[in-house]
Amino acid sequence: MENATKLNRNSGKFKRFLTDYGWCYIFIALPVMLFTCFTLYPLIRAFIMSFQEYNVSQSTWVGLDNYRQVFTSALFKKSLINTLIYTVGTVPINILISLGLAVLIFQLSKKSQTFFKAAFYLPAVTSGVTMSLVWLCMYDPMPEGLINRLISWFGFTNVNWLGQKSTALFSLMFMTYLGGHGGGIILYLASLGGIPKTIYEAADIDAAGTWSKFKNITWPLLKPTTLYMFVTGIIGSFQVFMNAYLMTGGGPDHATTTIALLIYDHAFSYFEFGVAAAESFVLAIIIVTISVLQFKYLGSDVEY
């Protein structure tokens, strides 16, 4: 009798739980299923694949051979160096450009701010393929290329920007300097708008100059946004693929081969899916390690 009473009590609690929270779990179930099918399962399969000489019909277990090939590959080291140069040469500069533009726009009226935010964000909604093709025309090595025509006005000869090792990687980096700042500008403008005006008023009373207010008020209060942009920017730069693939194909002489492009080539050009999977997980470990170090050393004095 006592066991039956407990069973009825537990059954009643379960029914009340379903009544109160059942729909919540039903709504959560679909995203969880999608995440499991399209993210978690492929991730597990790719991890298993990294220990195999993968073939569609039959796969052979090779253990750590794929990872040994990755770490002993001169091409992987070259692609890693290219990616590091690209990251160091683009992320800090682009953050400074976004910050500078945001500070200038913030001083304008609300209508003007809206116009410039839309204008700078417009390239973000434009197809990356289209932008790459436009820049490909601008980098045309013939005199008709826009950049060669511009430098010819100063007496310089034509440069094969994408066809020589000394300028190919810089050319891909230069593209980022003149576009893609819309997201950063909007984030910085939102952060600037969240700084209390009373702090600046107190600084005016103390006769603080423009640089002093930026150095002691604006910059410290923008650190959370800057840290976020550093983390996401480095993650994005380590995954750069489209521009190199469409504009140079990794050349000349692998001068613009990035890790993401190398992974693509091994998977879909040479059909070495096991090696590509191993390179993907090495790249993931590098990105996670750098992100953790950023939070540890750059986020120590950041308040969220």
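**Close-ups of a predicted model**

**View 1. Tyr-139 is buried, with just 3% relative accessible area.** A quick heads-up before going further: this is a predicted model. Searching the whole structure turns up 19 aromatic pairs. One of them joins Trp-135 and Tyr-139, whose ring centres sit 5.5 Å from each other with 35° between the planes. That makes the pair tilted, because the angle would have to be under 30 degrees for stacked or over 60 for edge-to-face. Trp-135 is buried too, at 7% relative accessible area.

**View 2. Trp-135 also pairs with Phe-174, and here the geometry is edge-to-face.** The centres are 6.1 Å apart and the planes make an angle of 85°. What does this pair link? It ties together distant parts of the chain, with Trp-135 coming from helix 5 (residues 128-138) and Phe-174 from helix 7 (residues 165-177). The two residues are 39 positions apart in the chain. Phe-174 has a relative accessibility of 27%, so it goes down as partly exposed.

**View 3. Seven aromatic residues hook up through ring pairs to make a cluster: Tyr-54, Phe-241, Tyr-245, Tyr-264, Phe-268, Phe-271 and Phe-273.** Take a look at Phe-271 while you're here, since its relative accessible area of 55% makes it exposed. Phe-271 lies in the loop between helix 13 and helix 14 (273-297). Its phi is positive, about 55°, even though Phe-271 isn't a glycine.

**View 4. A nonpolar patch sits on the surface, built from Val-129, Leu-133, Leu-136, Met-242, Tyr-245 and Leu-246.** Together these residues have about 460 Å² of accessible area. Which helices supply at least two residues each? Those are helix 5 and helix 12 (242-247). Leu-246 belongs to helix 12, and it comes out as partly exposed at 32% relative accessible area. Tyr-245 turns up in the patch and also in the aromatic cluster of View 3.

**View 5. Here's the cavity: the whole-structure search finds 1 of 30 Å³ or more.** Its volume is about 40 Å³. Which residues line it? They are Tyr-86, Leu-169, Leu-172, Val-240, Asn-243, Ala-244 and Thr-258. Helix 7 and helix 12 are the elements that each give two or more residues to that lining. Both helices have come up already: helix 7 carries Phe-174 from View 2, and helix 12 carries Leu-246 from View 4.

**View 6. The peptide bond from Gly-251 to Pro-252 is cis, with omega near -5°.** Where does the proline sit? Pro-252 is in the loop between helix 12 and helix 13 (259-269).

**View 7. Ala-207 has a positive phi of about 60°, despite not being a glycine.** You'll find Ala-207 in the loop between helix 9 (197-205) and helix 10 (210-221). Is Ala-207 buried or exposed? With a relative accessibility of 66%, it counts as exposed, because the cut-off for that label is over 50%.

**View 8. Tyr-21 and Phe-71 are 50 Å apart in space, going C-alpha to C-alpha.** Along the sequence, the gap between Tyr-21 and Phe-71 is 50 residues. Tyr-21 is part of helix 1 (residues 2-49), and its 43% relative accessibility puts it in the partly exposed class.

How values were computed. Residues are numbered from 1 along each chain as its sequence is written. This is a predicted model: local features need pLDDT of at least 70, side-chain atom pairs count only at pLDDT 80 or more; totals for chains, interfaces and linings use all residues. Side-chain values use heavy atoms; hydrogens and water are left out. Rings of Phe, Tyr and Trp (its six-membered ring) pair if their centres lie within 6.5 Å; planes under 30 degrees apart count as stacked, over 60 as edge-to-face and the rest as tilted. Buried means under 20% relative accessible area, exposed over 50%, partly exposed in between (1.4 Å probe, protein chains only). Patches are made of residues with over 30% relative accessible area and no salt bridge: like charges are joined within 9 Å, nonpolar side chains (Val, Leu, Ile, Met, Phe, Trp, Tyr) within 5 Å. Accessible areas come from the Shrake-Rupley method with a 1.4 Å probe; for residues, only the protein chains shown count as cover. A salt bridge is a side-chain nitrogen of Lys or Arg within 4 Å of a carboxyl oxygen of Asp or Glu. On a 1 Å grid over the protein atoms alone, a cavity is a set of points where a 1.4 Å probe fits but cannot get out, and a pocket is an open set with protein on both sides within 12 Å along at least five of seven lines; lining residues have an atom within 4 Å of a point. Grid points are joined across faces, edges and corners, and a volume is the space filled by probe spheres set on the points.
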